[in-house]
Protein chains: 2
Amino acid sequence: MKIHYPAGVKAPTNSAEITSKKKRRIHPKIAAGNRGMAFEAAINDTNTYYLEKGVAVIHKKPTPIRIVKVDYQKGAKITEAYFQEPSTTDYNGIYRGKYIDFEAKSTHSATSFPLSNIAPQQVKHLRAVLKLGAIAFFLIDIVKTNEVYLVPATYICDFYEQKPRGSIPLSEILTHGYRVLEKYNPRLDYLPILDEYFFQ
Amino acid sequence: MKIHYPAGVKAPTNSAEITSKKKRRIHPKIAAGNRGMAFEAAINDTNTYYLEKGVAVIHKKPTPIRIVKVDYQKGAKITEAYFQEPSTTDYNGIYRGKYIDFEAKSTHSATSFPLSNIAPQQVKHLRAVLKLGAIAFFLIDIVKTNEVYLVPATYICDFYEQKPRGSIPLSEILTHGYRVLEKYNPRLDYLPILDEYFFQ
């Protein structure tokens with residue numbers, strides 16, 4: 001059975017895998033479902049690397065969960081809870097004194113990035129932080145080509161609000177985005193792109 | 001039965017109450033357990049006010065939860081999960097282009113603020129963001145006098161790391177902190193303190 005989560009709500013991920021320090025190569029043939037998790041793990045590993053080097057402090061926010069029942073007889077075991085729609089993006093933090101804010105998304109399409117991947121409140125959130133001087137962007141994982149692009153949030157928000165179509169052609173992502181090279185460590189070294197294009 | 005959460009882990013709060021737009025006066029005689037929730041609600045209301053005015057984007061991070069079992073037959077109902085220790089502070093965001101980071105704590109003592117309220121990894125986190133140029137602080141709710149103080153994180157971290165004693169005397173909090181006045185709206189207007197003492 002396939003579960004359809006509301007826009008912007010992610011399927012639960014295995015936190016043990018995400019926080020694992022084990023370095024894995026992302027292989028293009030990795031199963032589609034695992035790919036999103038592997039992408040998230042690569043970002044988390046990268047952020048851990050930055051944190052340990054003292055270069056940047058950027059964390060993934062926990063998935064918001066609405067708790068209904070807690071069993072206090074068993075050491076505060078949550079027995080009924082539900083996933084909630086996030087009102088912000090997944091990642092934020094600080095780099096070179098600036099507030100950093102981004103969202104990570106995978107697309108399995110060979111031709112486009114569907115806007116249904118993005119929740120309206122995330123666009124609203126990005127607009128609000130951009131107005132206050134944030135550095136905001138998307139990390140987009142193109143599964144078919146095994147490439148990751150950093151795309152400025154202003155471009156994605158403009159496209160989303162004008163909605164000339166339901167998805168952004170990948171050619172546009174390649175034009176307006178910057179390729180994030182996969183390395184051994186850090187796995188997705190995106191900060192140099194910020195240095196070059198977002199800091200003057 | 002009283003549950004002892006690990007340092008820095010909060011008891012589950014009723015999210016309906018927290019996100020309520022209803023304005024309530026915090027009364028000094030409010031039950032101790034509810035007081036922490038009322039304090040959190042006051043901060044959240046304040047941040048909502050700032051967000052709506054476009055002045056600052058500051059959110060409380062969701063409580064990190066380790067999910068063990070999800071029942072997909074019932075629309076992704078979480079049936080087994082546990083509270084986790086947060087590795088960061090509860091609140092962060094952006095104001096006047098700067099990265100803002102803070103933790104909110106209540107103390108029921110009439111004489112001191114116990115350091116056991118703070119988890120070691122929170123001090124580590126605050127040190128890391130301060131080093132990168134963050135504006136970081138604590139909002140300390142002194143329940144007995146019904147007063148809230150904004151105390152710079154540098155002061156609290158210094159005290160915590162040197163640990164001359166297990167708690168900070170309230171007289172020190174009053175000396176090194178700035179009183180946050182409770183108003184009707186925003187309820188805990190802490191940004192003017194940042195304007196005056198953290199921005200030059």
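Four strands make up an open sheet here, running in the order 2(A)-3(A)-3(B)-2(B). So what you're looking at, in a predicted model, is a sheet with strands from chain A and chain B, and its pairing is antiparallel. The rest of this briefing goes through the sheet, the pairing between the chains and the contact side of chain B.

**The sheet**
- At the edges you'll find strand 2 (65-71) of chain A and strand 2 (65-71) of chain B, each pairing on one side only.
- Going from one strand to the next, the twist averages 35 degrees.

**Where the chains pair up**
- Strand 3 of chain A (residues 77-83) and strand 3 of chain B (residues 77-83) pair with each other in the antiparallel sense, over 4 bridges.
- If you want a residue to look for, try I78(A): its bridge partner in strand 3 of chain B is A81(B).

**The contact between the chains**
- Chain A puts 39 residues into the contact, and chain B puts in 39 residues.
- On chain B's side, the elements giving two or more residues are strand 1 (56-60), strand 2, strand 3, strand 4 (91-95), strand 5 (98-107) and helix 3 (120-131).
- Strand 3 of chain B gives the most to that side, with 7 residues.
- Sorted by class, the side of chain B that touches chain A has 24 nonpolar residues, 9 polar ones and 6 charged ones.

Conventions
Residues are numbered from 1 along each chain as its sequence is written. Chains are lettered from A and ligands numbered from 1 in the order in which they are written. This is a predicted model: local features need pLDDT of at least 70, side-chain atom pairs count only at pLDDT 80 or more; totals for chains, interfaces and linings use all residues. Two strands pair if DSSP finds at least two bridges between them. Axes are lines fitted to C-alpha atoms, for helices over the stretch in contact, and angles run from 0 to 180 degrees between N-to-C directions. Two residues are in contact if their C-beta atoms, placed from the backbone, lie within 7 Å. Ala, Val, Leu, Ile, Met, Phe, Trp, Tyr, Cys and Pro count as nonpolar, Asp, Glu, Lys and Arg as charged, and the others, Gly among them, as polar.
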